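Here are a few exercises to work through with the viewer open. Try each one yourself before you read the solution.

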Amino acid sequence: MRAVTDTQPREPRPVAPWIEPQSWQVTAVRLEAPGVVTLDLTPPGPFEFLPGQFNMLYQPGVGEVPISISSSPADSSHVLHTIRDVGPVTKALCALQPGDRVGVRGPYGTSWPVAAAEGGDLVVVAGGIGLPPLRPALYQVLSSRGRFGRVTVLYGARTPDDLLFADELSAWRGRFDMDVTVTVDAADSGWHGNVGVVPDLIKRAAFDPDATTALVVGPEIMIRFTVRALGAAGVTDDRVYVSMERNMQCAVAMCGHCQLGPFLVCRDGPVFSYRKLARWLGIREV
Amino acid sequence: MPQTLEPLLRGHRFFAGLEPAHLSLLAGCAANEVFPADSFLFREGEPAQTFYLIREGKVALEIAAPGRGALVVQTLGEGEVAGFSWLIEPHRWEFDGRAVDRVRAVRMDGSCLRGKCEDDPRLGYELMRRFAGLTTERLQATRLQLLDVYGHARGH
């Protein structure tokens with residue numbers, strides 16, 4: 001396994017090479033929530049990735065989409081991709097069955113700064129389909145739990161039915177060495193958890209703001225509110241990392257579709273320090 | 001010497017940094033209360049003469065919708081405050097406040113507080129400032145909920 005490195009390398013990162021999609025087998029399919037499916041894919045050969053990286057998944061005659069890897073980097077034989085059906089390609093991917101094949105190229109992109117976060121507290125904030133890209137980082141943290149201070153997971157979804165990885169969340173909540181709080185935007189009285197928005201959970205969480213690294217994924221509006229709430233709690237934006245979603249088509253910094261200010265998200269992201277991005281996210285035209 | 005709830009108020013996030021003299025005044029309007037799970041702290045439409053500093057447990061703010069049962073608008077937890085209606089006329093609860101689990105709270109008597117605020121405008125300003133901050137925070141959260149940010153994804 002490669003060593004985990006910070007997402008802020010001192011040397012320019014080499015552009016990922018274009019590679020032909022390889023044919024991977026679908027070994028299992030799990031319905032996580034309405035319209036959200038996890039594909040368990042078996043690569044044809046050795047495969048390594050870093051938490052936060054993505055693969056390009058290809059369906060012949062339909063198209064190709066970037067999908068974050070949602071499994072543990074320690075398990076290279078079952079590579080999970082959690083996909084929300086939001087268009088023709090993702091619909092085709094969500095309809096795959098065990099035994100089907102899918103074209104895969106990758107992994108691409110920057111990774112979560114898991115090693116750089118060691119020694120301090122870690123706050124992981126996910127909204128909606130933002131939890132899957134964070135799951136590999138959580139697996140890595142939990143595999144070397146003693147190297148971190150407090151570990152807090154704050155997760156928000158639309159309704160209780162939309163919560164992803166419910167069994168796993170429940171198991172994590174049962175651990176004594178991490179705090180997991182889940183909230184939904186709307187629920188009926190049968191729901192015994194929180195109702196409210198995920199940024200509001202930050203003021204309830206216990207962490208040392210001077211020694212905290214925050215990893216955040218979700219809709220961009222949620223990210224902005226979360227960064228403000230983290231700032232109000234004393235976590236400066238140079239210690240907040242976000243994973244950005246843009247129109248990534250080639251994944252190898254060729255087509256320019258995923259440009260965000262001076263960055264190409266496929267090459268310079270998807271994981272960025274928020275400080276690096278803040279100026280560009282404030283420009284409406286970008 | 002009779003025990004007061006001043007230490008509890010001092011330890012609650014909402015009153016953090018309040019002058020000791022003001023905390024003493026507020027303690028005269030405070031009482032401890034425990035609510036079993038599924039009991040109601042307050043009901044929609046009833047006169048609102050109190051607010052609650054939640055010390056433990058969760059309170060669901062609910063509204064009953066015909067045919068849909070009770071819909072939870074927001075959940076409040078430890079360190080948070082339930083209730084603005086004591087402050088603003090016509091002093092009626094706008095939602096039900098249900099204890100999701102066992103709730104320990106400090107009940108603040110709104111009539112008593114309003115009287116003390118009239119007598120001491122500095123205390124009144126300080127409380128209004130805190131409640132204004134709280135209402136702004138809740139308004140922002142409500143706006144974010146209304147945006148339904150998780151519900152409108154489009155893509156490939």
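**Exercise 1.** Which residues does Ala214(A) touch, not counting residues up to four places away in sequence?

*Solution.* Keep in mind that this is a predicted model. Start at Ala214(A) and skip its sequence neighbours up to four places away; what you are left with is Val123(A), Val125(A), Leu230(A), Val235(A), Arg239(A), Val240(A) and Tyr241(A). Next, look at the largest nonpolar core, which has 111 residues. Ala214(A) is among the members that touch the most other members, along with Val124(A), Val240(A), Tyr241(A), Val242(A), Tyr52(B) and Val59(B). Now ask which element gives the most to this core: helix 4 (residues 220-232) of chain A does, with six residues. Last step: domain 1 (22-108) and domain 2 (115-243) of chain A both contribute residues, so the core lies between them.

**Exercise 2.** Work out how the two domains of chain A meet.

*Solution.* First get the bounds: the domain assignment puts domain 1 at 22-108 and domain 2 at 115-243. Their C-alpha centres are 24 Å apart. Then look at the contact itself, which takes 15 residues from domain 1 of chain A and 15 residues from domain 2 of chain A. On the domain 1 side, strand 1 (22-33) and strand 5 (79-84) of chain A each supply at least two residues. Sort that side by class and you get seven nonpolar, six polar and two charged residues.

**Exercise 3.** Describe the side of chain A that touches chain B.

*Solution.* Begin with the head count: 29 residues of chain A are in contact with 24 residues of chain B. Then find the elements that each supply at least two residues on the chain A side: strand 4 (63-68), helix 1 (88-94), strand 10, strand 11 (194-195) and helix 4. By class, this side of chain A holds 13 nonpolar, nine polar and seven charged residues.

**Exercise 4.** Trace the open sheet of five strands that takes in strands from both chains.

*Solution.* Write down the order, 10(A)-5(B)-4(B)-7(B)-2(B), and note that the pairing is antiparallel. Now check the ends: strand 10 (187-188) of chain A and strand 2 (40-42) of chain B each have a single partner strand, so one side of each is left without a neighbour in the sheet. Step across the chain boundary next. Strand 10 of chain A pairs with strand 5 of chain B over two bridges, and Asp188(A) has Leu71(B) as its bridge partner. Going on within chain B, seven bridges join strand 4 (residues 59-65) to strand 5 (residues 69-76). One pair to click on is Ala65(B) with its bridge partner Gly69(B).

**Exercise 5.** Is Arg101(A) buried, exposed or in between, and what does it touch?

*Solution.* Place it first: Arg101(A) lies in strand 6 (residues 101-108) of chain A. Buried takes 20 or more C-beta neighbours and exposed takes 12 or fewer; Arg101(A) has 15 inside 10 Å, so it counts as partly exposed. Leaving out residues up to four places away in sequence, Arg101(A) touches Ser23(A), Trp24(A) and Gln25(A). Finally, try Gln59(A): 42 residues separate it from Arg101(A) in sequence, and the C-alpha to C-alpha distance is 8.8 Å.

**Exercise 6.** Check the confidence of chain A.

*Solution.* Take the average first: the pLDDT of chain A averages 90, and 93% of the residues score at least 70. Then go to residues 1-12 of chain A, where pLDDT stays under 50.

Methods. Residues are numbered from 1 along each chain as its sequence is written. Chains are lettered from A and ligands numbered from 1 in the order in which they are written. This is a predicted model: local features need pLDDT of at least 70, side-chain atom pairs count only at pLDDT 80 or more; totals for chains, interfaces and linings use all residues. Domain bounds come from an automatic or database domain assignment. Two residues are in contact if their C-beta atoms, placed from the backbone, lie within 7 Å. Helices (H or I, at least four residues) and strands (E, at least two) are DSSP runs, numbered from the N terminus. Ala, Val, Leu, Ile, Met, Phe, Trp, Tyr, Cys and Pro count as nonpolar, Asp, Glu, Lys and Arg as charged, and the others, Gly among them, as polar. Two strands pair if DSSP finds at least two bridges between them. pLDDT is the predictor's confidence in each residue, from 0 to 100. A nonpolar core is a set of buried Ala, Val, Leu, Ile, Met, Phe, Trp, Tyr and Cys residues joined through C-beta atoms within 7 Å.
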